[in-house]
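Visitor: I have a new model open on my screen and would like a friendly tour of it. Could you take my questions one at a time?

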Amino acid sequence: MPKNNSIKSILIIGSGPIVIGQACEFDYSGSQAARSLREEGIEVTLINSNPATIMTDKVVADNVYLKPLEPESIIEILEQHDIDAVLPTMGGQTALNLAIKCEEMGIWKEFDVEMIGVDINAIEITENRDAFRLLMEDIGVPMAPQQAAKSFLQGKEIAQEFGFPLCVRASYTLGGAGASIVYDPEDFDNQLENGLKISPIHEVMIDKALLGWKEYELELLRDSNDNVVIICSIENFDPMGIHTGDSITVAPAMTLSDTTFQKMRDMAIHMMRSIGNFAGGCNVQFAVSPDENEDIIAIEINPRVSRSSALASKATGYPIAKIAAKLAIGYHLDELMNQITKTTSALFEPTLDYVIVKIPRWNFNKFPGTNRELGLQMKAVGEVMGIGRSFQEALQKACQSLEINRNGLGADGRELTDQDQILHSLEHPSWNRLFHIYDAIKRGIPFKTIVEKTRIDIWFLKQIEDLIKLEKRIEKFNLDSLPKELMFEAKQKGYADRQIAHLLRCLESEVYKKREDFNIKRVYKLVDTCAAEFEAQTPYYYSTFEYENESEVSDRKKVVVLGSGPNRIGQGIEFDYSCVHGVLAAKECGYETIMINCNP
């Protein structure tokens, strides 16, 4: 079915100010959606209250309104423009909440505006955790024992029934605000009171805590013909108990058996179909037991483009927001083009021949005295992404991108050596736990102890142990005696010249020269969505150390634009905006532009 030709003008709602849990990912999705709709000749009107966003620029939308995200602003826009439909799924929870408010006030009905890309009932079901749990029971999808409490007394009764530890989450909140794991009645009373206060509907969800279970996410797309594709599987390095936004994540999933992955796929598709009849993006989160049974439990489903969608788009090369916008106006997946190959259909599931690692970026040093322990409430202010041919290479590249004065993971002489401090850090995770896991393995602390304290899958620990073994082999040599094979192995596993220089007790420039003498050079591989099965037309690359270079160099004059890396306090989305305009200006002047950044 081609696009719905009755839709000539669409309103996109942005996500407002940058807050923890809702950042520049939604500027990315809103900008993509606006461009996607304008390609179809649709007039795009955009409302947002954040002036630093790309989406609020005249190059993105036909009409831009920098106004408070309130029903009054929506009415003002609808009075001035003949809007046919509203797309609220690109602006995160803020946009959805505003769309629901306008629906309840009868604004959409009054101005004859259709809501596309989502089903109001789907939002209600997924946000009302009690209704969601009952629906999952009906369709046979297991969930952890949970109940909603609308009063302090009701919450106390549920706690008595379930027993500790418990997970307390405030309903209708962002970034896990008001959520935490509690182990004793005294803490529970405080968290219950806090959660009820923070929730806009004065409700908390109380779950039996699944501590130590592994956490996974699936990104899905569905069209109005009920075709569903899984775009990306994402595995959390950290177990349940740490907010996804504060967890190191890996794509594709690394430690899941194929049988369990297929079960998870089926459950995700079943869940998406059961919550409502809508065309667009969806994010589903699962917990998997850390034993050989691999029992699967559903955590939640977001019937919109989520915070993870930007990461999944960059991880796979599949532009989720762009395609979701086209699905919202009636297209089917098989009618749309794969944006990377330009020759195959969008009705396919991306294949990855590389690994992605995302590491969050925290800014605790700006807030002395705050609680730095990670939990169910998100505290990260940004993130970095590393792409490599292996988990180890991607992990090292991500660690090197954090801009926290570390050379990468290890090999910089900044290891923690106090065993008590290391063990405390493993049990009470903070921004540096990954580095302390490395320190623990290097000190010879048994895997059994590390797994007991962190609940991190042993496969990841073995990967880090392998890096430490490689470092020990390198340290036996000096710069002159280091074999070429060992240098090549270190580069393939993601080690920077500076790290190798530390291990060889020499200068970084000397390692670089030695590497050049060995003819060990960086090559660039394409992110092509199909593991090189089809030729890619869109030049999106990552670097690695192999023999074949997939980057074709033209004879045109070039301008390199350097991005600003991970968001942090004082350096955020504004620089994304300026980089985009830098690229556009250079292109206008006839230059070939090259953008380098590590922020997904």
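Visitor: Which residues are linked in a network of salt bridges?

Guide: Happy to help, and please keep in mind that this is a predicted model. Side chains of opposite charge can pair when their charged atoms come close. Here several such pairs join up into a network, whose members are Asp353, Arg389, Lys525, Glu546, Glu548 and Glu550.

Visitor: How many salt bridges does the structure hold?

Guide: The network of Asp353, Arg389, Lys525, Glu546, Glu548 and Glu550 belongs to this tally. A pair counts when a side-chain nitrogen of Lys or Arg lies within 4 Å of a carboxyl oxygen of Asp or Glu. By that cut-off the total is 30 salt bridges.

Visitor: How many residues apart are Arg265 and Glu349, and where do they lie?

Guide: The side chains of Arg265 and Glu349 form a salt bridge, with N and O 2.6 Å apart. This pair links distant parts of the chain: Arg265 sits in helix 9 (residues 258-275), while Glu349 is in the loop between helix 11 (320-328) and strand 15 (355-361). As for burial, Arg265 counts as buried at 16% relative accessibility, and Glu349 is partly exposed at 30%. Along the sequence, their separation is 84 residues.

Visitor: Arg133 and Glu137 meet in a salt bridge too; which of the two is buried and which is exposed?

Guide: Their N to O distance is 3.2 Å. Both are in helix 6 (residues 129-139), and because they are 4 residues apart, about one helical turn separates them. With a relative accessible area of 51%, Glu137 is exposed. At 16%, the buried partner is Arg133.

Visitor: In which helix do Glu465 and Lys469 lie?

Guide: Glu465 and Lys469 form a salt bridge, their closest N and O atoms being 4.0 Å apart. Glu465 is partly exposed at 23% relative accessible area, and Lys469 is partly exposed at 47%. They are 4 residues apart, about one turn, in helix 16 (residues 458-475).

Visitor: Which element gives the largest share of the largest nonpolar core?

Guide: That core has 53 residues, and those touching the most other members are Phe237, Val357, Ile359, Leu409, Leu434 and Ile464. Elements giving two or more residues to this core include strand 15, helix 12 (391-401), helix 14 (433-443) and helix 17 (484-492). The largest share is 7 residues, and it comes from helix 16.

Visitor: Between which domains does this core lie?

Guide: The chain is divided into domain 1 (9-116), domain 2 (145-208), domain 3 (214-358), domain 4 (359-520) and domain 5 (553-599). Two of these give residues to the largest core, so this core lies between domain 3 and domain 4.

Visitor: Which residues is Ile359 in contact with, leaving aside its neighbours within four places in sequence?

Guide: Ile359 is among the core residues that touch the most other members. Its contacts beyond the sequence neighbours are Ile248, Glu383, Val384, Leu395, Ala398, Cys399, Leu402 and Leu434.

Visitor: How many residues are in the second, separate core?

Guide: Among the members of this second core are Ile7, Ala33, Cys232 and Ile234. One of them, Cys232, is buried with a relative accessible area of 4%. The size of this core is 46 residues.

Visitor: How many disulfides does the count come to?

Guide: A disulfide needs two cysteine sulfur atoms within 2.5 Å. The sulfur of Cys282 is 14 Å from the closest cysteine sulfur, that of Cys232, which is too far for a bond. Cys282 is also buried, at 1% relative accessible area. The count comes to 0 disulfides.

Visitor: What radius of gyration does the chain have, and what would a compact globule have?

Guide: The C-alpha atoms fill a box of roughly 80 × 65 × 45 Å along the principal axes, and the centres of domain 1 and domain 4 are 42 Å apart. A compact globule of 600 residues would have a radius of gyration near 25 Å, and the chain agrees with this at 24 Å.

Visitor: What percentage of the residues is buried?

Guide: The chain has 20 helices and 20 strands. Of its contacts with a separation of 6 or more, 69% are between residues 24 or more positions apart. Out of 600 residues, the buried share is 58%.

Notes:
Residues numbered from 1 in each chain as written. Predicted model: local features only at pLDDT ≥ 70, side-chain atom pairs only at ≥ 80, totals over all residues. Heavy atoms only, no water. Buried < 20%, exposed > 50% of the residue type's maximum accessible area, 1.4 Å probe, protein only. Domains from an automatic or database assignment. Core = buried A, V, L, I, M, F, W, Y, C linked by side-chain atoms within 4.5 Å. Contact = heavy atoms within 4.5 Å. Rg over C-alpha atoms; globule rule 2.2 N^0.38 Å.
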